[in-house]
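Student: I would like to go through the cysteines and a helix in this model. Could you take my questions one by one?

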Amino acid sequence: MTKTELINSIADKANCTKKDASAALDATIAAIQEALVNGDKVAITGFGTFEVRERGEKTCINPRTKEKMTCPPCKAPAFKAGKSLKEAVNG
């Protein structure tokens with residue numbers, strides 16, 4: 001599903017215009033992004049949790065030169081599905 005298809009689905013289910021659905025989706029994404037940048041978790045009951053996870057330093061290989069190099073530690077966004085979402089997906 002693309003962002004446009006998601007906006008159309010939100011507009012249909014919420015009985016609002018596509019413009020309003022687009023604004024609501026953009027605001028939701030911005031709020032989640034801002035919380036993650038600030039180091040906070042975003043927990044949506046019944047859906048899941050967005051969080052930032054620390055990745056440690058590791059050895060990686062440059063695919064072009066096959067040279068081993070060290071990749072520095074970094075932060076990565078992560079999503080953990082909630083129980084209700086897992087049950088809905090698995091039937």
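Student: Which residue does the disulfide join to Cys60?

Tutor: Happy to help, and first some ground rules: this is a predicted model in which local features need pLDDT of at least 70, side-chain atom pairs count only at pLDDT 80 or more, and totals for chains, interfaces and linings use all residues. Residues are numbered from 1 along each chain as its sequence is written, and side-chain values use heavy atoms, with hydrogens and water left out. A disulfide here is a pair of cysteine sulfur atoms within 2.5 Å. The S to S distance is 2.0 Å for Cys60 and its partner, Cys71.

Student: Are Cys60 and Cys71 buried or exposed?

Tutor: Relative accessible area decides this, with a 1.4 Å probe and protein chains only: under 20% is buried, over 50% exposed, and partly exposed lies in between. By that scale, Cys60 and Cys71 are both buried.

Student: Why does Cys74 have no bond to the closest cysteine sulfur?

Tutor: Cys74 itself is partly exposed, because its relative accessibility is 35%. The closest cysteine sulfur belongs to Cys71, but it is too far for a bond, at 8.4 Å.

Student: How many Å does helix H1 reach from its first C-alpha to its last?

Tutor: Helices are DSSP runs (H or I, at least four residues), numbered from the N terminus. H1 covers residues 3-14, which makes 12 residues. The expected span is 1.5 Å times one less than the number of residues. For H1 that expectation is 16 Å, and the helix comes close to it, reaching 16 Å.

Key
Helices (H or I, at least four residues) and strands (E, at least two) are DSSP runs, numbered from the N terminus.
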